[in-house]
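User: Please take one salt bridge in this structure and look at it closely. Then work outward from there, in short steps that a first-year student can follow.

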2 protein chains.
Amino acid sequence: MTNYIVWFTFAGAVLALLFAVFTAKKVLSFSEGTDKMKKIASSIRAGANAYLKRQYTVVLVFFAAMFVILLAMAFFGLLTYFVPFAFITGGFFSALSGFIGMKIATASNARTANACREGLNRGLRVAFSAGSVMGFTVVGLGLLDISIWFFLLKNVFNLGPSEVSSAMLTFGMGASSMALFARVGGGVFTKAADVGADLVGKVEAGIPEDDPRNPAVIADNVGDNVGDVAGMGADLYESYVGSIISASALGVAAFSAKTHINDFFAMAVPMLLAAIGIICSIIGTFLVRTKENATQKDLLRSLSRGTNFSAIVIAIVAFPIVWICLGGKESIGLYFAILAGLLAGVFIGQSTEYFTSDTYKPTKHLAAKSETGSATIIIGGLGLGMLSTALPVVIVAICILIAYFASGGANDANLGLYGIALSAVGMLSTLGITLATDAYGPVADNAGGIAEMAGLEPEVRQRTDALDSLGNTTAATGKGFAIGSAALTALALMASYVNKVKEVAGAEVDVNFNLTNPTVLVGLFIGACLPFVFAALTMESVGKAAQSVVIEVRRQFREIKGLMEGKAEADYASCVDLCTKASLREMVLPTIVAIVVPVATGMVLGYHGVVGLLAGATVSGFLMAIFMSNSGGAWDNAKKYIESGVHGGKGSEQHKGAVVGDTVGDPFKDTSGPAINILIKLLSMVSIVFVGIVVAFSIF
Amino acid sequence: MTNYIVWFTFAGAVLALLFAVFTAKKVLSFSEGTDKMKKIASSIRAGANAYLKRQYTVVLVFFAAMFVILLAMAFFGLLTYFVPFAFITGGFFSALSGFIGMKIATASNARTANACREGLNRGLRVAFSAGSVMGFTVVGLGLLDISIWFFLLKNVFNLGPSEVSSAMLTFGMGASSMALFARVGGGVFTKAADVGADLVGKVEAGIPEDDPRNPAVIADNVGDNVGDVAGMGADLYESYVGSIISASALGVAAFSAKTHINDFFAMAVPMLLAAIGIICSIIGTFLVRTKENATQKDLLRSLSRGTNFSAIVIAIVAFPIVWICLGGKESIGLYFAILAGLLAGVFIGQSTEYFTSDTYKPTKHLAAKSETGSATIIIGGLGLGMLSTALPVVIVAICILIAYFASGGANDANLGLYGIALSAVGMLSTLGITLATDAYGPVADNAGGIAEMAGLEPEVRQRTDALDSLGNTTAATGKGFAIGSAALTALALMASYVNKVKEVAGAEVDVNFNLTNPTVLVGLFIGACLPFVFAALTMESVGKAAQSVVIEVRRQFREIKGLMEGKAEADYASCVDLCTKASLREMVLPTIVAIVVPVATGMVLGYHGVVGLLAGATVSGFLMAIFMSNSGGAWDNAKKYIESGVHGGKGSEQHKGAVVGDTVGDPFKDTSGPAINILIKLLSMVSIVFVGIVVAFSIF
């Protein structure tokens, strides 16, 4: 029967990809609008293509080097020969997700702007369809990769369940590495351009956002695509795949000692859930539509209708799936674990929205702090972000306890850990549609930029703004899912690491990671420090890159005669080029840190230290990611709230203070915060791949 | 022989207090200068006295309530009857340390300013003597409390070693609670006044710092005393006492199974080290003097001469002490643990100095970021602080490993944990003199304020500025010791908690705190979250209080006719009163959080969850404390560096950006950061005191 499951999973993947192709065709059938719009869109496209091409060249060198290292390790018997190849495919599909997402996004921005000339609903349809292409490409490619490998390893190479799951875990490392490159590189690009454009254009020269006189304006729009789209695509590909393969691996561990169920069934449950989630998501997309003259609330309701429908259906369907695959004994508890994950994702999203949306108190109060200047709004935003970690911690804590104990962890720890892993899969099962609602934001943002630059009627900009502002809310929810699932998946991967240690070092090895053991404690310190270092490195990168953009924009304003009067054209390409160079230079160090530190720690402290490191990084990474995302989101929306006319409105001293807050928040929420989510999983993946070396050669 | 040790320790305590009295008399023999200076000094004194009086009234209510709760718990057999009384004395002596420190500081500020009229060396002597009074009062009272209780419990009540150490641990909770009140209350006061004075005075009205026309100027100077002096006194009293009693408790655990040594000796080693440290520190103070026309470097060298001498002597003398008390077998390893702690303190201090002093690259680069505005300097400072966590983590990690394994932890975990605890004692053994060099900073700062307000000659202000700027460097070193010792002490207390659990719940209880246990993990999440929440609460408090000061100062500028022209006097008292009210209101919630959360977590998750919580809080608290202290310190010094004439100098746009950074850094480095140090120890103390309830009634 497992063969049927593989075919079903494969079919789900193909269905998702076909739906993506179908939707893409629909989007491309729309017109790009006026010649000016076409020209702008094509500049953005050219910049984004050039960036991705150069990024992938750099990444290729890294992957080639890692491939050789892994091959050498396989040669010395520290790995199987599947690992280097699995690593490559993980990276390849992750990159492909980002690439396709970016392609469709840069093809739809002008089309969305043009559709908005005809009406809000039409604009929503185009932007949301573009988001859907991205969403279903990510889940389709993810599941495709998983089902193909599963088939190959099991049916062609005839490996047993634990070997299959081990090999599959390692392609997560490829996906995570690629995701980190894409997130950090894209994040640095987009924020360097954004900060640079704002600091000189808005603050110094006093020209509006997206003004064509600003030399960094095209770079800013390119940034939305390479950061918020391509970066996010690679990132969520990694989350999706990571949650499924870690759950599969723990499923094998949980059921290998049980005779009433084939281990492969336990492995297949997460894949099956994902496949069903795709079907639910596709149906959900058809529910997203709104009437003309829709209010902000109507728009949000139409999006929620789609995501809620998908979530409710999967919540119902999950039960028979688990029941059929695993039988009655364990399935009820595991079903509750999946439900807990689904609900935890929703609640974390709501907590994010509460802390960052200007319809609630925290962001309103933050905006009020602009009355006493930029320092108080900065202090307020930092405090808000730190405080906002408490609720998600409680939510995740409850989710962990329910998932573990409902699954029967009290009697069988492996079952409990499988439950935790399944809760992450539950959280991400409807990723197809949640990612669609998330990825449509940058498309709408770009559409607004094009409307401004092409000089379209003000009501077009109003409509794109309505779509964009809604995008901020859905992005908040999306972030909730991304961060929550990252924590749960990282814990599942940590458990997989422990299993791997047992497998490599033998059953009698000491796998007690007692907190009073100093190597565990020291590992905990080092791991908890990593997100801080990582955030610092990425922020520093944005700062450096932004400073070079500032200098270039100032130079152009000074040297290009007639630019400010609109008589001469700015040299957009030089800013795009600057951002590209800077982001590629800056994305290498953080990734190397993420790979070298866990291996080096393991070589010194042994696997006890590594488990400490993984726990420390997961906990502190979870907190830092929420802190930074929410501070950044709140500053952004506090600024927008002030722009809506309160506390002095646009151009006032208060607004200037809020712009400072927003600028600080940019790298927080769009570079460092999301990159930390990837970091904590990459650390585990790297540890799992290199476990052989650590067990064989560590000092302690 | 233990009786001799008690007497020796007692004698050391008395010697410290006598030296403090002797030094205080010397300070008071100097003149306070002109009538104007006397008047200003007396306003500051009055404000500080009024604040402390009201603070202690609030604190009294808390202590009375806790006393009743503890008494009730003793009645139900959950504690011994010693606990409530020990709790009270811990709080009392901590408060007394702060009180005496504040008294001498407010008595020496005008005297230092007046001495600076005669010369730099004379100014240094007065300010440093004032710092010494504080330093030796803290260590004297700390050791007095310890030796009296030790004597009472052992010789009067005839308790065994483990009962003595248990009872003594609990007076740490009194000291920590008091310290938290003092740090948070004082920190909110000082930063609300500082931020309020700067934002309206310097930024809006454009008048210089410490200008008598600024209505918040007296409050600002009062703040230095109640925050940086009284707060720090209570804080370091707690650190000192906490490190000694946790080491004593672990000493008993380590040697209770060994027959060749009386357990009381293992308990006495930390006390003896502290007593010898006092003698070394007293000798060290006599080496602090400088020539006239001394440069900044000479000043620093003269201070370093004193602290280095003391540290070297204690490093040598520690060996025979350990040898005599514990015999040859274990003593060599434990001696290395002490040395490791001593060195780790020095290295963390140097790392702090590297990241925050404007003689090194990081702060210079930070200052350069002012060229592109306040947003980039904020991003840069946050990044700098986060990055600066890496080196201290490595230092503490190495210290933990050396302390544990050199002491023989590989064969006997209790010995290793005792080693970790002793390394904290080693780090703090010369606290008498390091605190003196730390506490003299605010005195010099105040002296500068008085010189300005009293209109003394410019060279006086130059001299006080030289002293003050040096104070920033020594404060950085002091912070290194405070943070490093807090982490090590917190780990020692966590180990003591585990021992307590065994004692209360019986020997067969499961004391395995495996990281794959979900209750441990959930505890880890909650614990790691606490420093974030705590930082948020304290920053929010400063923000709120500062905003009320801003409004009041603006009101006075508007309503008091002739104030700006210097014809009318500002209403200083109203600002002092505002700050007092605000800080007392704000200090309650954080303390309650720190007490309620570990107990509530224990009631739900059991003691496994509590150990997770303590580990999480220690690790994340260590990182947050360093991050916030160093970001704040670097912003402060970047601003001063710009004021020295680079990047546009005082009054330039760059300077304004740097002032924003400094303002954000104020609550970072002087309120939230230091309070976190106390928090992580208080959490352990609370857990230890309430262990009976948790073991008896927890859900999991």
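Analyst: Start with B:R461 and B:D465, whose side chains meet in a salt bridge, with N and O 3.2 Å apart. Keep in mind that this is a predicted model. Side chains of opposite charge can pair when their charged atoms come close. Where do the two residues sit? B:R461 and B:D465 both lie in helix α14 of chain B. They are 4 residues apart, about one turn of that helix. Now check how open they are to the surroundings. B:R461 has a relative accessibility of 21%, so it counts as partly exposed. B:D465 is at 35%, and it counts as partly exposed too.

Helix α15 of chain B holds another pair with this spacing: B:R555 and B:E559 are 4 residues apart, about one turn of the helix. They form a salt bridge, and the closest N and O atoms are 2.8 Å apart. B:R555 is partly exposed, with a relative accessible area of 27%. B:E559 is partly exposed at 45%. B:E559 also meets B:R558 in a salt bridge, at 3.8 Å from N to O. B:R558 is exposed, with a relative accessible area of 57%. In chain A, salt bridges that share partners join A:K191, A:D194, A:D636, A:K640, A:D666, A:K669 and A:D670 into one network. Over all chains, the count comes to 52 salt bridges.

How many of these lie between chain B and chain A? The count there is 2 salt bridges. In one such bridge, A:E540 pairs with B:K369, and the closest N and O atoms are 3.4 Å apart. There are also 11 residue pairs in polar contact between the chains.

Which helices build the side of chain B that touches chain A? α10, α11, α14, α15, α16 and α17 of chain B each supply at least two residues. So two helices already met, α14 and α15, belong to this list. The largest share, 20 residues, comes from α15(B). By type, the residues on this side divide into 52 nonpolar, 13 polar and 4 charged.

Next, the extent of the meeting. In total, 69 residues of chain B are in contact with 69 residues of chain A. The area buried between the chains is about 6200 Å², and carbon and sulfur atoms give 84% of that. In chain B, the residues that lose the most area to chain A are B:M386, B:F525 and B:F532, together 12% of what that side buries.

How are the two chains arranged? A turn of 180° and a shift of 0.0 Å along the axis lay chain B on chain A, with an RMSD of 0.0 Å. That is the relation of a two-fold axis. In chain B, the residue that comes closest to the rotation axis is B:N514, with its C-alpha at 2.2 Å. Of the interface residues of chain B, 100% are also interface residues in chain A, so the copies meet through the same surface.

Finish with a contrast to the opening pair. B:D235 lies in helix α6 of chain B. B:D235 is buried, with a relative accessible area of 3%. Its side chain makes a polar contact with the side chain of B:R183, at 2.9 Å. Beyond residues up to four places away in sequence, B:D235 touches B:A179, B:R183, B:P674 and B:I678.

Methods
Residues are numbered from 1 along each chain as its sequence is written. Chains are lettered from A and ligands numbered from 1 in the order in which they are written. This is a predicted model: local features need pLDDT of at least 70, side-chain atom pairs count only at pLDDT 80 or more; totals for chains, interfaces and linings use all residues. Side-chain values use heavy atoms; hydrogens and water are left out. Contact means heavy atoms within 4.5 Å. Buried area is the accessible area (1.4 Å probe) that two parts lose on being put together, summed over both. A salt bridge is a side-chain nitrogen of Lys or Arg within 4 Å of a carboxyl oxygen of Asp or Glu. A polar contact is a pair of N or O atoms within 3.5 Å; within protein, one must be able to donate a hydrogen and the other to accept it, and residues adjacent in sequence count only if both atoms are side-chain atoms. Ala, Val, Leu, Ile, Met, Phe, Trp, Tyr, Cys and Pro count as nonpolar, Asp, Glu, Lys and Arg as charged, and the others, Gly among them, as polar. Copies are superposed by least squares on the C-alpha atoms of residues with pLDDT of at least 70 in both. Buried means under 20% relative accessible area, exposed over 50%, partly exposed in between (1.4 Å probe, protein chains only).
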